[in-house]
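Thank you for sharing this model; my notes on its strands and on two of its loops follow as numbered points. Please read them alongside the coordinates.

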Amino acid sequence: HSESITGVVFTRDEQHVLSTSRDETIRWGTIGQNEQQSPSEILFRSDGDRICAFAVSSDERWILSASFRKDSTPDMSSADLLASPSRQPIDDDDNDYCALRLHDATTGHVVWIEHHPCEITSVAFSEDCTRALAGNWEGEVFLYDLTQLIPPDPTVPRSPPPLAVPEHKLGVRQTQAIRGLSFSPNGKAVITDRAYTSIPSELQPLHTDPTARSLTAISFYE
């Protein structure tokens with residue numbers, strides 16, 4: 001990467017690494033080989049989009065990325081888009097346009113994009129890949145139902161794509177940027193770096209481990 005790295009994830013076999021950077025790329029690299037032997041492969045590049053957060057689904061089929069770009073709206077020309085954004089592009093106080101994207105992890109192609117009014121600082125998938133989270137600079141958390149884009153059973157034909165992916169704003173009591181977030185092990189709550197917030201039952205992931213326990217997260221800041 002040519003600029004600061006904003007995320008790194010190992011593949012389950014621990015032979016590869018996915019990484020994102022403000023150099024506008026998502027890259028795939030092989031562990032144990034130097035750059036001359038095996039240069040990293042660019043999975044996704046979008047000129048102008050500085051990637052600030054990303055996550056990989058548990059089945060390694062999907063990637064969430066969050067980015068911002070200066071003075072121009074995100075590229076919407078992808079032929080692979082399965083759903084339209086629910087809102088129009090919005091520029092923030094710095095003239096940045098912020099967006100959340102869902103990628104096919106094999107090709108890097110964008111299959112869904114959603115516009116946001118401020119920078120997204122953290123994203124996450126549920127374990128069953130049916131839900132996604134996005135936390136932003138202002139301490140807000142949004143939950144997305146991905147079941148029409150990512151069917152829980154991949155052997156079942158996908159239904160006609162939705163006009164937009166359902167978005168739900170959760171009542172997270174946090175006034176500072178969301179620096180990290182995840183679903184709790186039992187899928188009933190969202191854990192951020194400063195808060196633990198229950199998810200309404202109708203919005204919880206479809207498949208969870210009923211025996212998994214979730215203790216309230218506690219943090220202390222001096």
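**Notes on strand pairing and loops**

1. Strand E5 and strand E6 (residues 62-70) run antiparallel and are joined by 6 bridges. Within this pairing, Ala53 stands opposite Ala66 in E6. Please keep in mind throughout that the model is a predicted one.

2. The pair belongs to an open sheet of 4 strands, whose order is E5-E6-E7-E8 and whose pairing is antiparallel. Strand E5 (50-56) and strand E8 (110-116) stand at the edges with a single partner strand each, so one side of each is left without a neighbour in the sheet. From one strand to the next, the twist averages 20°.

3. The loop between E5 and E6 holds a residue that deserves a look, namely Glu60. Although Glu60 is not a glycine, its phi is positive, at about 60°. Is Glu60 buried or partly exposed? With a relative accessibility of 28%, Glu60 counts as partly exposed, because the buried class ends at 20%.

4. A second glutamate with a positive phi is Glu24, where the angle is near 80° and the residue is, again, other than glycine. Glu24 is found in the loop between strand E2 (16-21) and strand E3 (25-30). Its relative accessible area is 19%, so Glu24 is classed as buried, the limit for that class being under 20%.

5. Further along the chain, strand E13 (residues 181-183) and E14 run antiparallel, with 3 bridges joining them. Ser182 has Ile191 in E14 as its bridge partner. The hairpin formed by E13 and E14 has 5 residues between the strands, and in this hairpin Gly187 takes a positive phi near 75°.

6. Strand E14 is also joined by 3 bridges to strand E15 (residues 196-198), and these two strands likewise run antiparallel. Here Ala189 stands opposite Ser198 in E15. E14 and E15 form a hairpin as well, with 3 residues between them.

7. Which way do the side chains of strand E14 (residues 189-192) point? Ala189 and Ile191 point one way, whereas Val190 and Thr192 point the other way, and all of these residues are buried. In a regular strand, side chains alternate between the two faces of the sheet. When inspecting E14, it may help to view the two sets together with the pairings described above: Ile191 is the bridge partner of Ser182, and Ala189 stands opposite Ser198.

Key
Residues numbered from 1 in each chain as written. Predicted model: local features only at pLDDT ≥ 70, side-chain atom pairs only at ≥ 80, totals over all residues. Heavy atoms only, no water. Buried < 20%, exposed > 50% of the residue type's maximum accessible area, 1.4 Å probe, protein only. Pairing = 2+ DSSP bridges. Axes fitted to C-alpha atoms, helices over the stretch in contact; angles between N-to-C directions.
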